[in-house]
Amino acid sequence: MKELSLHILDLVENSIRAKAKLINIFINEDIMNNFLEIIIEDDGNGMDEEFLSIVDNPFTTTRKTRNVGLGLPLLKAAAIRTDGDFQIISEKEKGTKIVATFKYDHIDRAPIGNMGSTIATLLSRVEKFDLVYIHQINNKRFTFSTTEVKEFLGEVSLNTPEVVLWIQDYINDNISTLCK
Ligand SMILES: Nc1ncnc2c1ncn2[C@@H]1O[C@H](COP(=O)(O)OP(=O)(O)OP(=O)(O)O)[C@@H](O)[C@H]1O
Ligand SMILES: [Mg+2]
């Protein structure tokens with residue numbers, strides 16, 4: 001079973017390839033209502049209606065190096081398997097929003113995985129985009145924003161190895177305090 005954080009990594013990679021400047025990741029663990037929701041939203045190239053109607057088919061890809069694209073179909077399958085839902089809303093030149101919902105306690109619901117390492121992996125790239133990551137567990141919420149971290153760091157680059165490691169721990173520590 002693939003961890004959900006790895007699906008998130010795949011989807012954010014799509015957003016980066018779509019030249020997004022701002023990527024929003026929202027994870028909502030509403031355990032009291034047995035509900036988990038993952039939303040990834042970007043302001044990248046988007047997709048037109050015709051492409052959208054075929055995009056969750058594994059043979060739909062704009063990659064040149066191979067002719068299958070599995071990021072979206074795999075997350076869709078992971079959500080549907082738990083009696084959840086999957087939705088893509090996209091507009092050409094505006095952006096894309098992916099919403100995946102899961103039944104929280106479903107036996108086939110994959111674990112969330114290591115979000116600190118997922119975000120750190122994304123930041124260690126040189127790409128120029130900003131990212132807001134909001135993780136909510138019941139009524140408690142943690143927000144991580146690259147614009148804020150960049151301001152705090154000043155001259156120091158976000159992809160300095162020490163900074164990347166610090167961000168990874170910072171995120172994981174904050175998520176674990178949400179559970180308490
Ligand atoms: N956020 C997005 N913005 C614009 N286009 C997107 C976005 N996400 C997906 N797409 C388009 O949908 C296609 C299918 O995406 P999907 O993630 O399923 O496969 P892939 O990225 O092509 O390959 P893989 O994920 O297996 O490496 C992509 O090739 C891209 O053209
Ligand atoms: Mg992909």
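This is the transcript of a short group-meeting talk on one predicted model with a bound ligand.

Hi everyone, thanks for coming. One thing up front: what you have on screen is a predicted model. Let's start in the middle and work outwards.

So, the core. The largest nonpolar core holds 29 residues, and Ile8, Val12, Ile25, Ile40 and Ile119 are the ones that touch the most other members. Which elements give two or more residues to this core? They are helix 1, strand 1, strand 2, helix 3, strand 4, helix 4, strand 5 and helix 6. Helix 4 provides the largest share, five residues.

That makes helix 4 a good place to stop for a moment. Please find residues 115–123. This helix is mostly covered, with seven of its nine residues buried. By name, the buried ones are Met115, Gly116, Thr118, Ile119, Ala120, Leu122 and Leu123. What do they pack against? The partners are helix 1, strand 5, strand 6, helix 5 and helix 6. If you click on Ile119, which we met in the core, you will find it touching Tyr133, Phe144, Ile167 and Ile171, leaving out residues up to four places away in sequence.

Two of those contacts, Ile167 and Ile171, take us to helix 6, where they are buried together with Gln168 and Ile175. Viewed down the axis of helix 6, the buried residues fall within an arc of 100 degrees, so they line one face of the helix. That buried set packs against helix 4, strand 5 and strand 6. Now rotate to the face turned away from the buried side, and you meet the exposed residues Glu162, Asp169, Asp173, Ser176 and Thr177. For those of you who like a geometry check, helix 6 has 18 residues, which at 1.5 Å a residue should span 26 Å, and the end C-alpha atoms are indeed 26 Å apart.

Just beyond, in the segment after helix 6, sits Lys180. Is Lys180 buried or exposed? It counts as exposed, because it has 6 C-beta neighbours inside 10 Å. Lys180 and Leu36 are 144 residues apart in sequence, and their C-alpha atoms are 18 Å apart.

Let's move over to helix 3, residues 71–80. Its buried residues are Leu72, Leu75, Lys76, Ala78 and Ala79; do notice the lysine in that list. Seen down the axis of helix 3, they fall within an arc of 160 degrees, so here too the buried residues line one face. Helix 1, strand 3 and strand 4 are among what covers them.

On to the strands. Ile27 belongs to strand 1. It counts as buried because 21 other C-beta atoms lie within 10 Å, where the cut-off is 20 or more. Apart from neighbours within four places in sequence, Ile27 is in contact with Ile38, Ile112, His135 and Gln136. From Ile27 to Phe144 you go 117 residues along the chain, yet the C-alpha atoms are separated by 12 Å.

Glu41 in strand 2 makes a nice contrast. Why is Glu41 classed as partly exposed? Because it has 19 C-beta neighbours inside 10 Å, and a residue needs 20 or more to be buried. Glu41 touches Asn24, Gly95 and Lys97, again not counting residues up to four places away. It is 30 residues from Leu11 in sequence and 9.5 Å from it in space, C-alpha to C-alpha.

Now for the backbone fans, two positive phi values outside glycine. Glu93, in the loop between strand 3 and strand 4, has phi near 65 degrees. Asn138, in the loop between strand 5 and strand 6, has phi of about 50 degrees. Glu93 is exposed, with 9 other C-beta atoms within 10 Å, whereas Asn138 is partly exposed, with 13.

Last stop, the ligand. There are 20 residues around ligand 1, and Asn14, Ala18, Thr61, Gly69 and Gly71 come nearest. How does that shell divide by residue class? Six are nonpolar, 11 are polar and three are charged. Helix 1 and helix 3 each supply at least two residues of the shell, and both of these helices also give two or more residues to the core we began with.

That's my tour. Thanks for listening, and do spin the model around yourselves!

Definitions and conventions. Residues are numbered from 1 along each chain as its sequence is written. Chains are lettered from A and ligands numbered from 1 in the order in which they are written. This is a predicted model: local features need pLDDT of at least 70, side-chain atom pairs count only at pLDDT 80 or more; totals for chains, interfaces and linings use all residues. A residue is near a molecule or strand if its C-beta atom, placed from the backbone, lies within 6 Å of it. Helices (H or I, at least four residues) and strands (E, at least two) are DSSP runs, numbered from the N terminus. Ala, Val, Leu, Ile, Met, Phe, Trp, Tyr, Cys and Pro count as nonpolar, Asp, Glu, Lys and Arg as charged, and the others, Gly among them, as polar. A residue is buried if 20 or more other C-beta atoms lie within 10 Å of its own, exposed if 12 or fewer, and partly exposed in between; C-beta atoms are placed from the backbone. Two residues are in contact if their C-beta atoms, placed from the backbone, lie within 7 Å. The expected span of a helix is 1.5 Å times one less than its number of residues. The arc is that of the directions from the helix axis to the C-beta atoms. A nonpolar core is a set of buried Ala, Val, Leu, Ile, Met, Phe, Trp, Tyr and Cys residues joined through C-beta atoms within 7 Å.
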